[in-house]
Amino acid sequence: MTQEGFNPHILGFFCHWCCYAAADAAGVARYQYPPNVRVIRVMCTGRIDFRFILEGFRCGADGVFTGG
Amino acid sequence: MAETCRQVFNVIGLNANRMALEWASAAEGPRFVELITKYVARIRELGPLGSLEGEAPKEVLERRLEAALKAAETPKVRTAYGNVAKKLHETRDFAVYTPERISQEVADRILPTFRQELLSHDVLLCLAEAKDQGKKTCSSGELMDLTGASSEELDKLLSALAKKGVIEGEAAGWSLKEPACAGHADRKGE
Amino acid sequence: MVEAGRSPNIEILSNANLLKLEGQPGAFEAVVRQNPRYIDEDKCTACGTCTMYCPRPIADTYNERLNVSRAVHIDYAQAIPATYYIDPKACMRVNFETCTLCAQTCTAQAIDFSQQPKELILNVGAVILAPGFGRLDSEVLARFGYGRFPNVVTSLEFERLTCASGPSEGHIVRLSDGTTPKKIAWLQCIGSRDETCGNGYCSSVCCMYAIKEASVAKEHEPDLDISIFFMDVRTHGKGFDESRRRAQEKYGINVIRARVPRVDQVDGRLALTWVAENGVSHSDIFDMVVLSVGLDAPEDALPIADITGIELNKYDFCRTSAGAPLSTTRPGIFVAGAFQGPKDVPESVTQATGAAGFASELLAEARNTRSVSITYPEEDAALMAEEPRIGVFVCHCGVNIAGVIDVKAVRDYAATLPGVVLYENMIYSCSQDALKTLANKIKEHRLNRVVIAACSPRTHEPLFQETLRSVGVNPALIEMANIRDQCAWVHAQEPEAATEKAKDLVRMAVAKAGFLSPLPPQTVPVTPRAIVLGGGAAGMNAALSIADQGYEVVLVEKGDRLGGNLARLKWTWDGQDAQAILSDLIKKTQNHSRITIKLNSTLDSINGYVGNYVSTLQTPKGIETVEHGVMVMATGGKEYRPKGYLYGANSNVVTQLELEERLSKAHRRGDRPVAPTLKGVDSVVMIQCVGSRGDDMAHCSRLCCAQAVKNALKIKEMKPDTRVYVLYRDIRTYGFSEDLYREARRQGVIFLRYELERRPEVIECKGDRPGAPTKLAVRCFDAMLNEDIELPANLVVLSTGVAPAENEALSKLVKVPVTSDGFFLEAHAKLRPVETAAEGVYLCGLAHGPKTLDECISQAKAASAKAVIPLAKGRVAVAPIVSKVNQDACIGCGLCESLCPFNAIRLVKMDKRRKAETITASCKGCGICASHCPTLAISMGGFTDEALFAQIHAWAGLALNDEKRRRREL
Amino acid sequence: MAKMKKSGAVLVLGGGVAGVQSALDLAELGYYVYLVEKKASIGGVMAQLDKTFPTNDCSL
């Protein structure tokens with residue numbers, strides 16, 4: 001049931017040392033990917049309290065991507 | 001953390017596939033791009049929050065998520081959550097703690113308390129919302145539809161809340177007791 | 001560059017050159033003449049009015065004469081020192097005493113024609129020569145129509161065309177008519193590998209920069225048709241082959257193996273003719289031709305040589321030897337960068353750090369005698385406590401961000417956000433002049449929070465934090481919105497979505513900035529001892545260098561003796577006796593008082609952090625613990641065990657190292673060495689790239705070509721009539737080893753190229769007489785004859801590449817990631833080539849990637865120089881992002897203590913009750929304790945719950961009004 | 001040789017990427033550096049480059 005008009009709003013929690021660094025590396029290499037994710041940088045995935053994920057969905061996220 | 005969220009999502013009727021936990025090291029730019037592209041496509045497939053069949057509608061989800069958040073702030077739930085993490089961390093042996101074993105631990109030791117706290121907060125929220133809409137009381141049946149709790153679970157819950165003086169009434173109609181509720185040590189959500 | 005400009009220990013003497021140098025190592029006296037810039041550096045505000053009024057036009061050398069500048073100008077906006085100067089040759093006032101227009105218009109009265117050249121006497125302990133490389137003279141380029149046809153440009157001119165601050169603002173245009181070209185050709189080896197112009201060496205960098213320029217050109221104009229004319233594709237650096245493959249596949253750049261002799265112009269376009277490998281001649285028309293110019297010796301090489309008394313090699317570069325690549329022929333004077341030999345940026349940076357290491361060894365006892373430390377202004381606590389006054393600075397980063405994102409709209413959007421009192425755009429916010437304006441704006445508007453919307457905090461946050469500290473604002477009060485690496489660069493095709501995303505990221509950053517609070521800086525003492533892993537050439541050099549600088553070293557070698565791969569090498573590519581270098585290294589290492597050697601030992605565990613590591617070693621005498629501040633990983637690599645080619649099945653199939661061992665058993669008879677082992681050998685076939693570049697190792701092992709050519713010459717020297725064939729894919733004898741390749745061809749070694757798909761096969765064919773021993777032959781395809789041929793061979797030599805050692809276990813232990821090729825990943829290829837992601841852990845030698853002996857030694861010296869920095873400082877600053885316990889909320893449950901991976905939080909007795917407390921020195925700021933605390937009693941500096949919740953709400957701002965954010969009170 | 005006091009300063013000739021990098025490292029190692037550059041600003045040829053391989057980020 002894909003809807004053409006639907007543009008998902010996705011919240012991302014990225015760990016500073018791994019996933020955030022991978023995202024920078026993708027940028028340096030100019031890989032292209034969809035712009036739907038907005039990233040919140042945390043020092044480590046361990047910092048992510050499950051309350052943040054619940055709050056993300058409560059505030060209307062269609063998806064939450066946690067990158068370690 | 002991710003497993004706890006998945007199991008809570010099942011309770012409140014949110015499709016667990018909406019949440020992803022992926023690993024990409026600093027050197028894995030290409031892998032990261034693949035993960036993100038696939039994930040965005042998957043979410044586009046699932047459609048907006050609450051639109052998937054089997055998922056509760058958005059407004060219901062929002063209320064239940066708020067209930068889940070309030071439950072997530074209570075020391076009882078957080079201690080259960082912390083103790084499971086402590087057990088996993090101390091053994092350091094991930095051969096023993098396979099993913100299935102971990103979800104088992106979460107299901108046994110965290111979910112029951114989490115579910116109970118969540119439902120009791122959900123009930124209070126339902127009553128509060130009903131009051132806002134000028135509806136004096138809600139019946140147990142209505143509360144069961146709204147919260148998705150089983151009947152004897154709900155009865156146990158309602159009698160506990162009534163005993164604590166937070167709510168009043170009986171099966172036909174329940175409502176929030178007027179004076180500021182004592183039992184719940186709530187923190188402002190901000 | 002910016003850091004050099006700001007460091008109080010570096011005095012930049014621009015417009016200056018060295019006149020005289022006397023004295024000996026440790027005490028030189030240098031006479032330096034500083035020519036006047038006719039502008040007072042302190043007064044000049046770089047406003048630019050003088051350039052507007054100056055009537056004297058000159059060719060802008062910074063932009064390769066592609067546009068016009070004025071006698072008084074600044075090379076580029078971000079130049080350091082950031083002041084204008086007057087070109088004495090052009091200025092009419094200096095030459096003819098007329099026109100002082102600029103002086104009259106200068107509001108800061110900074111122009112002062114009375115300035116005279118100054119001669120400074122400097123006494124210094126050491127000298128490092130880094131004058132770089134020179135430009136080819138134009139008649140070498142004239143052969144290719146440069147100067148006659150406007151659309152023939154040099155690679156440096158092309159670089160200026162693609163640069164956003166260049167003459168054409170980044171648009172690639174034909175210089176003849178300004179139109180965008182559709183078809184461009186790059187010609188390689190212009191002024192390199194060409195004895196007619198005296199540059200017989202290979203400049204090592206042109207293949208790689210041509211591929212980069214072609215890829216950048218395709219990014220600017222996706223439908224460009226690009227061909228590059230190579231002789232050999234020499235992309236031998238770490239990860240270079242990967243970008244070459246991507247350029248060919250992703251950007252569709254076609255590689256043509258031919259050398260174009262000349263360029264003709266046919267009605268405004270350029271015609272090239274060339275002969276392909278199979279002898280067929282081709283010709284084609286191009287809109288533009290780029291000459292990949294090589295690196296010549298610096299123009300002032302000869303004057304420098306006789307002032308400093310050093311010797312040059314036959315190409316006027318600095319003479320060095322493979323065993324001591326950074327030392328010139330005069331002690332106390334070192335060399336780094338292109339003057340030592342043509343090389344790329346990563347190698348120049350490594351050599352520069354290595355040369356600094358040498359100088360530091362020489363002057364170890366004079367450390368900190370002349371250095372100055374920075375003092376910062378007091379932090380204004382009142383301002384911090386005030387309501388957040390946020391300044392938002394949205395950066396253009398040239399065209400990197402502004403090319404995709406509407407930076408003006410983002411700035412105006414920032415104005416609407418709560419708490420924002422200042423919103424500005426900046427062209428290059430990381431340039432020195434921009435940082436100065438940032439500092440002034442913070443003071444002027446009394447900002448206590450700064451949001452920089454630009455690149456990644458991982459790379460540039462320290463730079464902005466330094467600026468905050470310089471104006472008395474706590475460095476933690478900054479938040480960066482990554483609108484370049486994670487927005488403009490990755491959503492280039494969707495500018496509107498990228499602009500929307502940038503606005504959201506700025507809104508989230510502003511929301512979080514509101515919740516940032518000042519964090520006290522932390523410093524911890526450093527244990528003055530280093531561990532060096534690996535006792536090969538790199539490990540020993542690193543250990544010696546650290547020990548010579550006065551610090552204890554524990555050298556851990558898993559084998560039973562020192563030497564590593566160097567033990568098997570007999571000669572270096574420039575003919576030096578490798579075994580002599582090895583024995584000298586081993587002797588020095590063994591009797592150095594400050595080096596303890598642990599053979600047959602490995603690293604068992606390491607924990608702690610930079611300055612305070614505690615490691616356990618597995619030694620023959622059991623587990624030993626070592627306390628140390630830093631660690632250098634020199635664990636080396638190993639020779640790739642070839643599969644196939646009948647290796648192992650037939651004793652006449654050997655690897656290059658095995659061949660070298662056999663050749664070294666020669667004894668001299670008369671003046672020529674005679675190798676008994678070559679008896680009966682009259683035909684040798686060498687096969688290159690065995691294992692490397694394709695089979696199970698994707699990388700190029702960089703050194704096997706030079707090694708093959710060296711051994712081929714050795715065979716010819718010992719038995720001149722032996723027929724030697726080399727089957728290669730690309731002969732990558734870069735730098736001066738190109739001379740060996742030419743010498744080998746001159747001595748009759750036959751080089752045949754093969755494609756990856758048509759790989760040569762080693763076959764055993766029955767002897768011509770029954771019972772005769774089977775004879776070896778190699779079947780391969782000859783492009784010229786266009787058919788398969790069989791080369792008889794008594795000896796087949798496989799040039800096996802360098803495989804990574806078993807790094808997985810060590811990588812997990814030390815938490816340093818390993819690249820897809822299996823070698824350790826350095827922190828940054830150019831800026832921090834010898835450091836790793838784990839602070840205090842350094843990297844050199846084959847563990848970083850395949851490299852020749854002299855490159856290993858330079859990298860080892862660089863790694864030890866970087867390793868000594870924390871040891872020399874004695875203290876190390878630790879990131880202030882640590883946990884803080886709210887002791888009244890804490891119920892002493894001990895969960896945090898049990899979960900902390902760094903044992904950085906523990907329970908203490910506080911008037912009879914157990915409370916958690918942070919050990920700030922060990923805390924790495926991961927936040928696991930905060931996210932698991934049952935009573936939410938732990939907050940993380942810089943990442944408090946409130947700050948993260950604020951960011952979530954700000955992110956949702958687009959779908960949520962304020963009312964909904966408030967949660968119900970129950 | 002021993003009695004002569006060693007100077008704690010170093011002269012770096014050339015303000016290109018190699019010169020600037022060795023100057024920075026020497027400053028970190030506790031030495032005073034005279035960075036002698038014949039042109040009016042440091043950065044050498046690298047400052048003229050738009051992007052530099054292998055990471056292709058801005059070369060300033």
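Q: What relative accessible area does a residue need to join a patch on the surface?
A: This is a predicted model, by the way. Patches take residues that make no salt bridge, and nonpolar side chains are joined within 5 Å. The relative accessible area asked for is over 30%.

Q: Which residues form a nonpolar patch on the surface of chain C, and what is their accessible area together?
A: The patch is made of C:Met52, C:Tyr53 and C:Leu101. Add up what these residues show on the surface together, and you get about 330 Å².

Q: Is C:Met52 buried or exposed?
A: You'll find C:Met52 in helix 2 of chain C, residues 49–53. The label takes over 50% relative accessible area. C:Met52 comes in at 61%, so this residue counts as exposed.

Q: What twist, on average, separates neighbouring strands in the open sheet 10-17-11-12-13 of chain C?
A: This sheet has 5 strands with parallel pairing. Strand 10 (152–154) and strand 13 (254–257) are its edges, each pairing on one side only. Ignoring direction, neighbours are turned against each other by an average of 25°.

Q: Which residue stands opposite C:Ile184?
A: Look at strand 11 (residues 183–190) and strand 17 (residues 288–293) of chain C, which run parallel and are joined by 5 bridges. The partner of C:Ile184 sits in strand 17 of chain C, and that residue is C:Met288.

Q: At what angle does helix 7 of chain C run to strand 12?
A: Helix 7 covers residues 206–220 and lies across strand 11, strand 12 (225–230) and strand 17 of chain C. Against strand 12 of chain C, helix 7 runs at about 175°.

Q: Which residue takes a positive phi in the hairpin of strand 14 and strand 15 of chain C?
A: Strand 14 (residues 263–266) and strand 15 (residues 269–275) pair in the antiparallel sense over 4 bridges. Within that pairing, C:Asp264 faces C:Ala271. The hairpin has 2 residues between its strands, and the one with a phi near 30° is C:Asp267.

Q: Which strands are at the edges of the open sheet 32-41-35-36-37 of chain C?
A: Here's another sheet of 5 strands with parallel pairing. Its twist averages 25° from one strand to the next. Each edge strand pairs on one side only, and these are strand 32 (653–655) and strand 37 (750–753) of chain C.

Q: Which residue is opposite C:Val654?
A: Strand 32 of chain C runs parallel to strand 41 (residues 795–800), with 3 bridges between them. Over in strand 41 of chain C, the residue opposite C:Val654 is C:Val797.

Q: What angle does helix 20 of chain C make with strand 35?
A: Helix 19 (residues 656–664) packs on this sheet, touching strand 32, strand 35 (683–690) and strand 41, with its direction at about 95° to that of strand 32 of chain C. Helix 20 (residues 704–718) packs on the sheet too, touching strand 35, strand 36 (723–728), strand 37 and strand 41 of chain C. With strand 35 of chain C, the direction of helix 20 makes about 175°.

Q: What pattern does chain A follow along the sequence?
A: Chain A has 2 helices and 3 strands. Reading along the sequence gives their order: β-α-β-α-β.

Q: How many of chain A's 68 residues, in percent, count as buried?
A: The C-alpha atoms of chain A fill a box of roughly 35 × 35 × 15 Å. The chain exposes about 1500 Å², and 61% of that comes from carbon and sulfur atoms. To count as buried, a residue has to be under 20% relative accessible area. Among the 68 residues of chain A, the share that does is 81%.

Definitions and conventions
Residues numbered from 1 in each chain as written. Chains lettered and ligands numbered in written order. Predicted model: local features only at pLDDT ≥ 70, side-chain atom pairs only at ≥ 80, totals over all residues. Heavy atoms only, no water. Pairing = 2+ DSSP bridges. Axes fitted to C-alpha atoms, helices over the stretch in contact; angles between N-to-C directions. Contact = heavy atoms within 4.5 Å. Patch = residues over 30% accessible without salt bridge, like charges linked within 9 Å, V, L, I, M, F, W, Y side chains within 5 Å. Areas by Shrake-Rupley, 256 points an atom, 1.4 Å probe, with all protein chains shown as cover. Salt bridge = Lys/Arg side-chain N within 4 Å of Asp/Glu carboxyl O. Buried < 20%, exposed > 50% of the residue type's maximum accessible area, 1.4 Å probe, protein only.
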